[in-house]
Amino acid sequence: MAEKREKKAASVAPEAPRDYVLHEQIGFFLRQANQRHVAIFASLINDKLTTTQWAALTKLKEIQPCSQNRLGRETAMDAATIKGVVDRLVKRGFVSTLPDSNDARRLVLSLTEDGLEAISHNVVAALSVSEKTLSPLTAGERLMLLELLRKIC
């Protein structure tokens with residue numbers, strides 16, 4: 001009897017894979033949401049800061065002084081990305097670097113007065129960016145979206 005069931009199960013063809021329909025994929029919607037958010041950010045933030053530069057500045061304010069490596073981890077940026085971001089912020093005079101007293105290969109990052117000023121000038125706009133990005137959602141939907149995103153991140 002068991003042999004009959006096994007033969008019958010083996011004779012059933014596996015289900016054919018579904019077609020990949022772009023507008024049904026999570027990545028498609030995440031990319032569109034990010035594009036919308038970045039456009040809102042660019043329209044409201046002064047000092048020609050990018051979203052990654054803003055993230056680095058505001059996180060550095062919280063945890064300074066710190067290494068570039070730590071700042072990358074804290075802002076979810078890989079080593080190459082955080083290096084480019086930090087290099088541009090240093091060039092603009094928003095971040096200063098000093099050799100680490102314990103490890104000469106490591107740089108310690110700190111905000112300059114110009115960096116602190118850039119944050120101060122933009123913090124209200126940055127909060128508005130989040131508000132405008134989430135504006136199509138109810139308060140409950142906003143909380144749910146953030147909770148779900150945290151869960152998959």
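**Figure 1. Helices H2 and H6 pack against each other in this predicted model.** Here helix H2 (residues 26-44) meets helix H6 (residues 113-133), with their axes 9 Å apart and an angle of about 145° between them. The crossing of H2 and H6 is right-handed. Who makes the contact? On the H2 side, look for Arg36, His37, Ile40, Phe41 and Leu44. H6 brings Ala125, Ser128, Val129, Lys132 and Thr133. It helps to remember that an α-helix has 3.6 residues a turn, so residues three or four places apart point the same way.

**Figure 2. Three strands form an open sheet, with helix H3 packed on it.** Read the strand order as E1-E3-E2, with antiparallel pairing. Strand E1 (66-67) and E2 stand at the edges with a single partner strand each, so one side of each has no neighbour in the sheet. H3 packs on the sheet and touches E1, E2 and E3, and its direction makes about 100° with that of E3. E2 and E3 pair over 5 bridges in the antiparallel sense. For a landmark, find Leu98, which stands opposite Val108 in E3. As a reminder, strands of a sheet pair through backbone hydrogen bonds, either parallel or antiparallel.

**Figure 3. Pro65 follows a cis peptide bond.** Pro65 sits in the loop between H3 and E1. The peptide bond from Gln64 to Pro65 is cis, with omega near -10°. That's worth a second look, because most peptide bonds are trans. Is Pro65 buried or exposed? Pro65 has 52% relative accessibility, so it counts as exposed. Even so, Pro65 touches Val108, Leu109 and Ser110, leaving aside residues up to four places away in sequence. Pro65 and Ser110 are 45 residues apart in sequence, yet their C-alpha atoms are 5.0 Å apart in space.

**Figure 4. Thr75 is tucked into the loop between H4 and H5.** This loop links helix H4 (68-74) to helix H5 (79-91). Thr75 has a relative accessible area of 15%, and the cut-off for buried is under 20%, so Thr75 counts as buried. What does the side chain of Thr75 reach? It reaches the backbone oxygen of Leu71, at 2.7 Å. Thr75 also touches Ala55, Ala56, Lys59 and Ile82, not counting residues up to four places away in sequence. In the same loop you'll find Ala76, which counts as exposed at 73% relative accessibility.

**Figure 5. Helix H5 has a cap at its N-terminal end.** Asp78 does the capping: a side-chain oxygen lies 3.2 Å from the backbone nitrogen of Ala80. H5 has 13 residues and spans 18 Å from its first C-alpha to its last, close to the 18 Å expected. Its buried residues are Ile82, Gly84, Val85, Val86 and Leu89. These pack against helix H3 (51-63), H4, strand E2 (95-99) and strand E3 (107-111). Just after H5 comes Gly93, with a positive phi of about 85°.

**Figure 6. Lys48 and Ala76 have a positive phi without being glycines.** Most residues other than glycine have a negative phi. Lys48, in the loop between H2 and H3, takes a positive phi of about 50°. At 78% relative accessibility, Lys48 counts as exposed. Ala76 has a positive phi of about 60°.

**Figure 7. Helix H7 is hardly covered.** H7 (residues 139-152) has 14 residues and reaches 20 Å from its first C-alpha to its last. How many of those 14 residues are buried? The count is 1.

Note on methods. Residues are numbered from 1 along each chain as its sequence is written. This is a predicted model: local features need pLDDT of at least 70, side-chain atom pairs count only at pLDDT 80 or more; totals for chains, interfaces and linings use all residues. Side-chain values use heavy atoms; hydrogens and water are left out. Helices (H or I, at least four residues) and strands (E, at least two) are DSSP runs, numbered from the N terminus. Buried means under 20% relative accessible area, exposed over 50%, partly exposed in between (1.4 Å probe, protein chains only). A polar contact is a pair of N or O atoms within 3.5 Å; within protein, one must be able to donate a hydrogen and the other to accept it, and residues adjacent in sequence count only if both atoms are side-chain atoms. Contact means heavy atoms within 4.5 Å. The expected span of a helix is 1.5 Å times one less than its number of residues. Two strands pair if DSSP finds at least two bridges between them. Axes are lines fitted to C-alpha atoms, for helices over the stretch in contact, and angles run from 0 to 180 degrees between N-to-C directions. A crossing is left-handed if the near helix is turned anticlockwise from the far one by less than a right angle, and right-handed if clockwise.
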